[in-house]
Amino acid sequence: MSRPVPATQSVRGQALDRRSFLRYAGLTGAVLGGAGLLAACGEDSSGSGSGTSDDGSKFGTVAIQLSWLKNIEFAGEYFADSKGYFKDAGFGAVNLIAGGAASTSVEAGLGTGKIWAGLSAPQTTAPALLEGLPAKIVGTTYQKNPFCIVSSAGKPINSPQDMKGRKIGVQDTNQLIFNALLAANNMTPNDVTIVPAQFDPSPLANGEVDGWVSYVTNEPITLTAKGFANANFLFADYGLPLVAETLTVHQDTIDKQRDKLKAFLVAEIKGWRDAVADPAEAARLAVEVYGKDQRLDPAEQTKEATAQNSLVVSPDSQANGLFTMTEELIAKNIAALAKAKIEIKADQLFDMSLLKEVYAEHPELKQAT
């Protein structure tokens, strides 16, 4: 049975871990035969998404799997739903399905047809594709992944080199990405003392370890709230510029339902523009509506929403639009995956052509966030 996740740790998720891939293993047969099951996700029979669905809408109902529990991490989706952007785009409903340790992966859901799209990460999707899943990443919410090493402000760890000879708390599910960080900085596990950890950073606060694998949008904020002054550095700034919260879809959706997928992307962009502009309302939606069963703290969620904006908005996304990836960023992701011993080509994993079409057709969506 999976360990329950405390509310203060609920932002911790699958966005950059290997749980999804482990759950995907052994599903190759289902994946290869999954295209015929897509109707189970609310696909209309027209394939192109034209016509009218059973609920009277253009595109019907679709299931979207989130990468983790319903917290501030998915503020854009909450805005798109609550403000009617999904309905305006032609959907009867968009069911936001919580992920988490007990759920199956986005990749497995796509393979079996249980979901229409999902939020995942390159290092989770790439192995599934190499195993035979016909899917692609068509956009990314986070331009930078949120992984960091958090440490005491009194004994800060400000770079990978500072970890040498220090005790670092590493969760089993994050061991792969931590080892990739070491490799990207010409280090090995022998350079540090790896201490097996869960997700509660109390051992760091208690001085049992010197550093902790964390999300920059979570543990540094919760530790500060408890009076523990801390420092951190991002994996993305030290050789692992992987994106995160990537929108992943089945290849059949790209090939046969392009208009439907583009309509969904328009609604997503509108939702995330609102989320970036209003962290307080983003937090309210997470706390009071979509994640009300998580017992989230409003002040903490607002701080996390503000911190999250620095991952969503970058000079490139300001110039090219939210969810986009430049060719340079894609190349960096492919190189970073190789450091994690995942060898894949850019055109096998990414397809940014839909977003290019969306922004060409809706240039107003490019306005600075």
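**A guided tour of the predicted model**

Begin by selecting I168: the bridge partner of I168 in strand β7 is I194. Please keep in mind throughout that this is a predicted model.

Next, extend the selection to residues 167–171, which form strand β6, and to residues 193–197, which form strand β7. These two strands run in the parallel sense and are joined over 5 bridges. Now add residues 175–184, which are helix α7. Together, β6, α7 and β7 constitute a β-α-β unit of right-handed sense.

Turn now to the aromatic residues. How many aromatic pairs does a search of the whole structure find? The search returns 9. Select F147 and Y215, one of these pairs: the ring centres lie 5.0 Å apart, the planes stand at 90 degrees, and the arrangement is edge-to-face. F147 belongs to strand β5 (residues 147–152) and Y215 to strand β8 (residues 211–215), so that a separation of 68 residues in the chain is bridged by this pair.

Are F147 and Y215 buried or exposed? F147 has a relative accessibility of 0% and therefore counts as buried. Y215 is likewise buried, its relative accessible area being 0%.

Keep F147 selected and add F235. The centres of these two rings are 5.7 Å apart and the planes meet at 35 degrees, so this pair is classed as tilted. F235 is located in the loop between β9 (230–234) and β10 (244–250), 88 residues away from F147 in the chain. Both F147 and F235 are buried.

For a further aromatic group, select F59, F86, F91, W116 and F264, which form one aromatic cluster.

Finally, clear the selection and display the whole chain. The secondary structure comprises 17 helices and 10 strands. Of the 369 residues, 59% are buried. Among contacts with a separation of 6 or more, 82% are between residues 24 or more positions apart. The chain exposes about 14100 Å², of which carbon and sulfur atoms supply 52%.

Colouring by confidence completes the tour. The average pLDDT of the chain is 88, and 85% of the residues score at least 70. Select residues 1–49, where the pLDDT is below 50; in the model this stretch nevertheless has 153 contacts beyond near neighbours in sequence. Where pLDDT is low, predicted coordinates should not be read in detail.

Notes:
Residues numbered from 1 in each chain as written. Predicted model: local features only at pLDDT ≥ 70, side-chain atom pairs only at ≥ 80, totals over all residues. Heavy atoms only, no water. Pairing = 2+ DSSP bridges. Helix = DSSP H or I, 4+ residues; strand = E, 2+ residues; numbered from the N terminus. Right-handed = clockwise from strand over helix to strand, strands pointing away. pLDDT = per-residue confidence, 0-100. Contact = heavy atoms within 4.5 Å. Phe/Tyr/Trp six-rings, centres within 6.5 Å; stacked < 30°, edge-to-face > 60°. Buried < 20%, exposed > 50% of the residue type's maximum accessible area, 1.4 Å probe, protein only. Areas by Shrake-Rupley, 256 points an atom, 1.4 Å probe, with all protein chains shown as cover.
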